[in-house]
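Visitor: Hi! I'd like to get to know this protein, and I'm pretty new to this. Could you walk me through it?

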Amino acid sequence: MPKKLLLLPPLSVSSTFRGPRARPAARPAMNAARTGYRVFSANSTAACTELAKRITERLGAELGKSVVYQETNGETRVEIKESVRGQDIFIIQTIPRDVNTAVMELLIMAYALKTACARNIIGVIPYFPYSKQSKMRKRGSIVCKLLASMLAKAGLTHIITMDLHQKEIQGFFSFPVDNLRASPFLLQYIQEEIPNYRNAVIVAKSPDAAKRAQSYAERLRLGLAVIHGEAQCTELDMDDGRHSPPMVKNATVHPGLELPLMMAKEKPPITVVGDVGGRIAIIVDDIIDDVESFVAAAEILKERGAYKIYVMATHGILSAEAPRLIEEASIDEVVVTNTVPHEVQKLQCPKIKTVDISLILSEAIRRIHNGESMAYLFRNITVDD
């Protein structure tokens, strides 16, 4: 039986030859174009989410949908309630008094977002915890380095922080760290809120804080004073492990090995280097936690003739009995930023004032997401700031 031929219909005059069938356009590579971003808060307490709400309001964005809570056995659980695939995710984590819980919340949320295929995970940590443990002490450890490694392992790709206790901490991380400064906001507060600030003198409560105080004094064109003496106890005076092993009375010494004896330190009587008589004294530092040293410094300044005393710091941790001690001390006002929640302390002590730094954090988030330069946020910032 002959095979039937299938004949194609003839082309009409109006028909146009279109060539071979075009292949469908290739899909763009995943994450090739810049995608959206989301802002999450990793805190389980309402008081700690205040800064995150301020930042999202400035960005015109909504806070990401997530649930962070503690189970009955004390374990932290994090649940992400929306898709984050291919997006830039910013986790805002303020550090309350329960530091270890806050760290675990941040680690678990970062890992959850990494598992959910987030494009980049940026931690916004205004006060970086364990920053005071960035040097070797006796037979301890450099805990800050350990925390940096844990954050990288959890999935963070970038960190935004503010006024690290030691700037060298940035070297602990294997990814970029933007160490913003709160000094422009505190300088603005001095100029706008302290009457007759031109009659003030910037004070360093110890020689270690002299560089920071000098930076403030030069920008405000004010004098500088430094408190020095036996009442101060700085971190540099602590053993750093190089005396290990400890000296033993009957220790045997290798014959012929005679090392020079290191003389013990003896601090001079406390003194104020600089004139504060009849002036406003402004003590500046990066952290105010245990306030005994600030209270002692205020008493010395009062004795030397200062008629008004302000304390200014970036991070107001204000632990333990700090509000009561400040209220009873010769300090007229304590000014801190909202990098750490301290609403309870403000209720206990009306001398505590807050400066909002959500503006610079929101601008940093916007610039990082858009791939813009961060140089604008570091204008006129020097190494000593």
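Visitor: Let me start with one residue: what stands opposite I280 in β11?
Guide: A200 stands opposite I280 in β11. Helices and strands here are DSSP runs numbered from the N terminus: H or I over at least four residues for a helix, E over at least two for a strand. One caution: this is a predicted model, where local features need pLDDT of at least 70, side-chain atom pairs count only at pLDDT 80 or more, and totals for chains, interfaces and linings use all residues. Residues are numbered from 1 along each chain as its sequence is written, and side-chain values use heavy atoms, leaving out hydrogens and water.

Visitor: Got it. In what sense do β8 and β11 pair?
Guide: Strand β8 (residues 200-204) pairs with strand β11 (residues 280-288) in the parallel sense, over four bridges. To count as a pair, two strands need at least two bridges found by DSSP.

Visitor: Does anything sit on top? Which strands does α5 touch?
Guide: Helix α5 (residues 210-220) packs on the sheet and touches β8, β9 (223-228) and β11. Its direction makes about 165 degrees with that of β8. Such angles run from 0 to 180 degrees between N-to-C directions, with axes fitted to C-alpha atoms (for helices, over the stretch in contact). Contact means heavy atoms within 4.5 Å.

Visitor: And α4, what does that lie across?
Guide: Helix α4 (residues 183-193) lies across β11, β12 (308-316), β13 (333-337) and β14, running at about 155 degrees to β12.

Visitor: Can we see the whole sheet? What is the order of its seven strands?
Guide: The order is β10-β9-β8-β11-β12-β13-β14, in an open sheet with mixed pairing. β10 (271-273) and β14 (352-355) are at the edges with a single partner strand each, so one side of each has no neighbour in the sheet. On average, neighbouring strands are turned by 25 degrees against each other, ignoring direction.

Visitor: Now the five-strand sheet: what order is that in?
Guide: That open sheet runs β1-β4-β5-β6-β7, with parallel pairing. β1 (37-41) and β7 (177-180) are the edge strands, each pairing on one side only. Here the average turn between neighbouring strands is 15 degrees, direction ignored. Helix α1 (residues 50-59) packs on this sheet, touching β1 and β4 (88-92), and its direction makes about 160 degrees with that of β1.

Visitor: How many bridges join β5 to β6?
Guide: Four bridges join β5 to strand β6 (residues 158-162), and the two run parallel. G123, for example, has I159 in β6 as its bridge partner.

Visitor: Switching topic: how do α2 and α3 cross?
Guide: The axes of helix α2 (residues 99-115) and helix α3 (residues 143-154) come within 8 Å and cross at roughly 25 degrees. That makes α2 roughly parallel to α3; the scale is under 35 degrees for roughly parallel, over 145 for roughly antiparallel, 65 to 115 for roughly perpendicular, and oblique for the rest.

Visitor: Which residues make that contact?
Guide: From α2 they are V103, L106, L107, A110, Y111 and K114, and from α3 they are L147, M150, L151, K153 and A154. By class, the contact has nine nonpolar, no polar and two charged residues. Ala, Val, Leu, Ile, Met, Phe, Trp, Tyr, Cys and Pro count as nonpolar, Asp, Glu, Lys and Arg as charged, and the others, including Gly, as polar.

Visitor: How many disulfides are there?
Guide: Zero, from a search of the whole structure. A disulfide would be a pair of cysteine sulfur atoms within 2.5 Å.

Visitor: Is C144 buried or exposed?
Guide: C144 is buried, with a relative accessible area of 0%, and C349 is buried with 0% too. Buried means under 20% relative accessible area, exposed over 50%, and partly exposed in between (1.4 Å probe, protein chains only).

Visitor: Last one: what's unusual to look for in K138?
Guide: K138 has a positive phi of about 50 degrees although it is not a glycine. K138 lies in the loop between β5 (120-125) and α3, and K138 is exposed at 58% relative accessible area. N196, in the loop between α4 and β8, also isn't a glycine and has a positive phi of about 55 degrees.
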